[in-house]
Amino acid sequence: MNARTLLAVAGVLTLAACAQLAGVAGGDFVNRAIDRNAGKIGDNLGDAVASGEFAKTSTYTMEQEYFLGKTVCASVLTRIGGEVLQPSHPAAAYVRKVGTTLAFAAAELRDEKSRPYPLKGYFFVPVTSGAVNAAGAPGGFISVTTGVLKAAQSEDELAAVIAHEIAHVQLGHTMQPIEAARKQEQLTGKLLEGTDSVVHAFFGKVVDAGTDFVLDKGFGKKNELEADALAAQILASAGYDPTALAAFLSRLEGAAAKGGFFSRHPPAKERVAALQKLEVEMPVAEPTQAALAARRRRFLAAQKTVSG
């Protein structure tokens, strides 16, 4: 995109913003401020293009991603509202064991498009809540509600939910909206350099609103289906049933598939249809009957230790 096009876009956006403000209390005041600063913003835009500001990366280092992920995970846990199970809790130890097995399997599937392996590995954080919910955060932080453990009918189904979140981390989906927000923040700061504080405040709110919209909407249909596909591969690589996610989603269609893990995703039927089209081969020997029986016993034992 050349400077002339960018200037035209900036002009259109400014006019649109002014039109929206026309009927808002105090809108005329902000409009006058924008008019006074329009030339400065235009000059800043031209400078940004000429200096290569628009091409600057917004990528975080893995260390930054780790600390960012801790903060995001803490925010997620606060919103869920339950209590984090202590590491020594049987269910916490169980989820951690299943998650670690999946994380190692996922690492074997990494390619050039994958995000680097989390700086300090994956962290699996079980939280008490009857809601069926799980969330992957930057840096490998995966929160899983006890509601998922209760809703699952097998270790394979629990693994399927966790694998989906690991897939989001490995595919870089958890960082995309954050890096986009950072890029927007960088550009906004450059464009508004030297303008009135009222213009900063107005455009700052617009950026915040846009960022909130992206984060609340999740990772988008394409990314969700991509994570489902990788999750199936991770399951197979770890020795689990690759159809477990489809089975879990199929059983929880309708009223049971509202909110939580389902609120940010495409409809369950659409996800199941896409999963059923996949051809995932089992790259490892299928578990023996004795191994499957042991898997079943440990799943039921962990399930009994949580309420919900």
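This report describes the overall make-up of a predicted model and then examines several of its helices and two of its residues.

## Overall make-up

The protein chain has 308 residues, of which 44% count as buried. Its secondary structure comes to 12 helices and 3 strands. Among contacts between residues at least 6 apart in sequence, 76% join residues at least 24 apart.

## Helix H3

Helix H3 covers residues 62–80. At 1.5 Å a residue, its 19 residues should span 27 Å, and the 26 Å between its end C-alpha atoms agrees with that expectation. After H3 comes Gly81, whose phi is positive, near 90°.

The buried residues of H3 are Glu65, Tyr66, Gly69, Cys73 and Leu77. Seen down the axis of H3, these residues fall within an arc of 105°, so they line one face of the helix. They pack against strands E1, E2 (134–137) and E3 (141–145). The face turned away from the buried side carries the exposed residues Thr71, Thr78 and Arg79.

## Helix H4

Helix H4 has 18 residues. From its first C-alpha to its last it reaches 26 Å, close to the 26 Å expected at 1.5 Å a residue.

Buried residues of H4 include Ala91, Tyr94, Val98, Leu102 and Ala105. The buried residues of H4 cover an arc of only 165° around the axis, which puts them on the same side of the helix. What covers them includes strand E1 (123–127) and the helices H5 (146–151), H6 (155–170), H9 and H12 (289–304). Exposed residues Lys97 and Phe104 are carried on the face of H4 turned away from its buried side.

## The crossing of H4 and H9

Two packed helices are described by the angle between their axes and the distance between the axes. The axes of H4 (residues 90–107) and H9 (residues 221–237) come within 8 Å and cross at roughly 105°. An angle of 65 to 115 degrees counts as roughly perpendicular, and H4 and H9 are therefore roughly perpendicular to each other.

On the H4 side, the contact is made by Leu102, Ala105 and Ala106; on the H9 side, it is made by Ile234, Leu235 and Ser237. These residues divide into 5 nonpolar, 1 polar and no charged.

## Helix H11

In helix H11, the buried residues include Ala268, Arg271, Val272 and Leu275. Viewed down the axis of H11, its buried residues fall within an arc of 100°, so they line one face of the helix. Among the elements that cover them are H6, H9 and helix H10 (244–251).

## Pro287 and Arg295

Pro287 lies in the loop between helix H11 (268–276) and H12. With a relative accessible area of 25%, Pro287 is partly exposed, because values from 20% to 50% fall between buried and exposed. Pro287 and Asp241 are 46 residues apart in sequence, and their C-alpha atoms are 9.9 Å apart in space. Leaving aside neighbours within four places in sequence, Pro287 is in contact with Gly239, Leu292 and Arg295.

Arg295 is in helix H12. Its relative accessibility is 10%, so Arg295 counts as buried, the cut-off being under 20%. Not counting residues up to four places away in sequence, Arg295 touches Glu155, Asp156, Gly239, Tyr240 and Pro287. Gly239 is thus in contact with Pro287 and with Arg295.

Definitions and conventions:
Residues are numbered from 1 along each chain as its sequence is written. This is a predicted model: local features need pLDDT of at least 70, side-chain atom pairs count only at pLDDT 80 or more; totals for chains, interfaces and linings use all residues. Side-chain values use heavy atoms; hydrogens and water are left out. Axes are lines fitted to C-alpha atoms, for helices over the stretch in contact, and angles run from 0 to 180 degrees between N-to-C directions. Helices (H or I, at least four residues) and strands (E, at least two) are DSSP runs, numbered from the N terminus. Angles under 35 degrees count as roughly parallel, over 145 as roughly antiparallel, 65 to 115 as roughly perpendicular and the rest as oblique. Contact means heavy atoms within 4.5 Å. Ala, Val, Leu, Ile, Met, Phe, Trp, Tyr, Cys and Pro count as nonpolar, Asp, Glu, Lys and Arg as charged, and the others, Gly among them, as polar. The expected span of a helix is 1.5 Å times one less than its number of residues. Buried means under 20% relative accessible area, exposed over 50%, partly exposed in between (1.4 Å probe, protein chains only). The arc is that of the directions from the helix axis to the C-beta atoms.
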